[in-house]
Amino acid sequence: MSIVSSTSAAVTHEALANADCRTLPIARQCLSTPELLTLQQALPDWEIQATDNHNASGAQLSRRFAFADLASAMRFANAIASMADAQDHHPELHLSWGLCVVTWSTHSAHGLTQRDFICAAKVDDLMHASQPA
């Protein structure tokens, strides 16, 4: 199952958030630039950043989330960890007082794949669910 191809129209946040990483094959190749741009439109609060991890050039998807205190940031990080375990795809998390920075990339592909965008959308949903009504 593929959420996007190089000829796809726009992909929605909802389509990404409802997808399941476990149904996708293990990615060995990064998304193309047109695919990245298509998927990024569904996640405007996330930033695609160039990276140089393990001597392989690639990209990562990152977003900063602000909280009132460390405990709130920690609860959010724990919710992300639970979701990531369920999706079998895990982010890099940086926690500090009132801040959680979430960064996704797929190590086997040395860059970004559909799995990263799916999980980023799920993180957005976790953040919205943690906000008071």
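Me: Leaving aside neighbours within four places in sequence, which residues is phenylalanine 76 in contact with?
Reply: The model is predicted, and local features need pLDDT of at least 70, side-chain atom pairs count only at pLDDT 80 or more, and totals for chains, interfaces and linings use all residues. Residues are numbered from 1 along each chain as its sequence is written, and side-chain values use heavy atoms, with hydrogens and water left out. Contact means heavy atoms within 4.5 Å. On that basis the partners of phenylalanine 76 are Phe65, Phe67, Cys100, Val102, Val123, Leu126 and Met127.

Me: Which element gives the largest share of the largest nonpolar core?
Reply: A nonpolar core is a set of buried Ala, Val, Leu, Ile, Met, Phe, Trp, Tyr and Cys residues joined through side-chain atoms within 4.5 Å; buried means under 20% relative accessible area, exposed over 50%, partly exposed in between (1.4 Å probe, protein chains only). The largest one has 33 residues, and Phe76 and Trp104 are among those with the most contacts inside it. Elements giving it two or more residues include helix H3 (70-87) and strand E4 (99-104); helices (H or I, at least four residues) and strands (E, at least two) are DSSP runs, numbered from the N terminus. The largest share, 7 residues, comes from H4.

Me: Why do the buried residues of H2 line one face of the helix?
Reply: In H2, the buried residues are Glu35, Leu36, Thr38 and Leu39. They line one face because, seen down the helix axis, they fall within an arc (of the directions from the axis to the C-beta atoms) of 165 degrees.

Me: Which residues are exposed on the other side of H2?
Reply: The side in question lies opposite the buried residues of H2. The exposed residues there are Thr33 and Gln41.
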